[in-house]
Each structure stands twice: as C-alpha cells, then as structure tokens.
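Please take a moment to look over the fold before reading on, and keep the view at hand while the paragraphs below go through its helices and its sheet.

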Amino acid sequence: MAESASARSIRFLAGAVSRLFVVVLGVLPLPWARLLGRCFGHAAYWCVPRIRRVGLSNLDLALGDALSRAEKLRIVRGAAKNMGIVAAEFGHLPRLYRDGFDRHVRIEGAEHLDKSSGVLFVGAHFGNWEWMPAGFQHLGYEVAVVYRPLDDPALDKFIARKRGAGGVMPIPKSYAGPELVRRLREGWAVGILVDQSPRVHAVPITFFGKRTWATAAPVLLAMRARVPIHPSYLVRRPSGDYTMVIGRRIELARSGNTRADLLENTQRCHAALEVNIREHPDQWLWFH
C-alpha cells in the first residue's frame with residue numbers, strides 16, 4: 001500500500017527533529033548532553049505509555065514474580081533514561097574517534113582475543129551499543145557492523161555517516177552475509193546485535209526461561225569464516241563513563257549435525273547475553 005502524504009510528512013518531520021537532536025547535543029559538552037538525554041528519557045517514560053506497558057510486559061515474562069511491580073517500573077524507568085543518554089551520546093561518536101576512546105571507556109577482557117584471526121562480537125541493545133565499534137577499532141581491528149536500514153532514507157543516511165565517522169563500515173543486514181564472511185576471513189572484527197525478533201535464519205532457543213526465536217546468523221557466519229565468537233557489551237559506570245567487557249570466546253559445538261549445532265551454538269550466544277542483562281537490567285531496552 002502506498003504511503004499517504006500525511007504519513008510522509010510525519011516521517012519527514014520526525015527525521016528532521018531526530019537529526020537536529022543529534023546535531024545540537026553533539027556540540028554540547030558531553031556531561032551536558034548526557035544530562036539532557038537523561039531528562040528526555042525520563043520524560044518519555046511518563047509521556048509515552050507504550051514504554052511502561054511493553055517494558056512491564058516483558059519484565060513479567062522474563063522475571064515473573066521475582067520482582068515487585070515497583071521494582072520492575074524502576075528498571076523500565078532506568079532503561080528509558082539509558083535510551084535517552086545513548087541518543088544524546090550518539091552525536092559525540094565522531095569526537096570519540098578523534099579525542100581518544102580510552103578517555104571515556106576502559107576495556108576489560110582484551111586478553112581473551114586472538115589477534116591472528118578475525119572475530120565476531122555478539123551484543124545487545126545494552127548500555128551504549130553505538131560506541132562499541134569504536135572499542136573494537138581501538139583494539140586494532142578493521143571494523144564492520146550490521147544494521148537494519150531505517151524507513152526514512154534521509155535519517156538512515158545521516159545515521160550511517162555518523163556510525164562510519166571513524167572508518168567503521170556499516171553494512172545493511174539484507175545483503176550482509178557474503179561481505180561479512182569475506183571481511184572476517186581478512187581479519188576484521190564484525191559486530192552484530194542479536195536481541196531483536198529475527199525475520200530470517202531463526203531458530204528456537206530459551207531466553208529468560210521462555211521459548212522464543214533468535215537469529216542464527218552470527219553462528220552461521222562464524223562457522224563459515226572459521227572465526228571465534230565473543231560476547232561484548234558496554235556497561236555504564238556510576239561516573240557516567242563506560243567499561244567495555246569482552247567475554248571469553250563461546251565454544252562452538254561442531255558435532256557434524258549442522259542443525260543441532262546451530263541450535264546449540266545460538267543458545268550459547270544468548271545465554272551469555274542473558275547473564276549480562278541480569279547483572280544490569282536497567283541498561284537493556286526492555287520496551288523494544
């Protein structure tokens with residue numbers, strides 16, 4: 001169905017406001033930008049009912065009666081503030097490459113990496129996922145990241161330009177497979193966020209005790225390129241800066257039964273993510 005003129009106008013306006021938000025906060029000192037982002041996230045929590053509704057629903061599914069409603073609302077409120085901070089910090093991404101990553105982020109677990117080959121990092125919409133590629137680059141890798149193009153072409157181009165400011169290669173997920181295998185075999189680092197509902201390459205897993213579907217794409221890529229998979233995430237410290245955590249490589253099952261190995265290895269990837277989310281639940285995007 002063709003998009004109506006009013007829908008196009010709303011999309012254009014939303015995209016323009018988003019670009020202006022990123023540009024304005026990108027020129028502010030980082031502490032001010034973070035404060036404003038936190039305020040925007042807090043306002044969204046109260047003004048957008050869907051955030052509370054979906055966040056609570058997901059927490060009910062994941063944690064059941066382990067937490068009270070008040071505790072769950074606190075987590076959702078924290079997640080909304082985190083989203084605001086991530087949006088505010090996005091405009092500072094080019095400056096992050098210029099001024100030095102280690103001024104704002106310390107890295108733990110780099111000793112787990114084998115620099116003799118490429119590496120595939122799996123992560124989630126957790127902490128500040130947009131700054132993670134800068135961390136991979138800081139470790140000495142050429143970096144590619146997989147993303148889903150936005151519906152607004154102008155906003156999508158703007159976001160891709162920001163993401164690629166330091167030489168990172170953003171690759172649309174729709175035709176990423178062969179390109180990613182080639183880059184991995186050449187020794188690149190590739191980052192994929194795996195906590196969204198998959199449309200292709202989906203396999204059943206258990207996540208927070210519930211059966212659901214997850215993407216097997218990272219496992220397929222790693223097995224084809226013969227590179228290790230490492231879970232990785234940025235967690236915000238009380239100071240406002242981050243620690244980038246690189247987990248030990250996920251040991252991949254290689255029984256010879258391709259389907260069984262895909263199921264088992266995808267489960268292992270998501271089990272690692274679940275551990276991270278449980279440790280800092282207010283930094284995950286529960287209302288996605």
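Helices (H or I, at least four residues) and strands (E, at least two) are taken here as DSSP runs, numbered from the N terminus. Residues are numbered from 1 along each chain as its sequence is written. This is a predicted model, in which local features need pLDDT of at least 70, side-chain atom pairs count only at pLDDT 80 or more, and totals for chains, interfaces and linings use all residues, while side-chain values use heavy atoms and leave out hydrogens and water.

The sheet is open and mixed in its pairing, with seven strands in the order S1-S9-S8-S2-S5-S3-S4, where two strands pair if DSSP finds at least two bridges between them. Because strand S1 (105-108) and strand S4 (169-172) stand at the edges with a single partner strand each, one side of each has no neighbour in the sheet. From one strand to the next, the twist averages 25°. Strand S2 (residues 119-123) pairs with strand S5 (residues 189-193) in the parallel sense over five bridges, and Leu 120 stands opposite Val 190 in S5.

Helix H4 lies across strand S8 (229-236) and strand S9 (242-246), and runs at about 95° to S8; contact means heavy atoms within 4.5 Å, and axes are lines fitted to C-alpha atoms, for helices over the stretch in contact, with angles from 0 to 180 degrees between N-to-C directions.

The axes of helix H3 (residues 49-63) and helix H4 (residues 69-90) come within 9 Å and cross at roughly 120°. The contact involves residues of both helices, including Leu 56 and Leu 59 of H3 and Leu 73 and Val 76 of H4.
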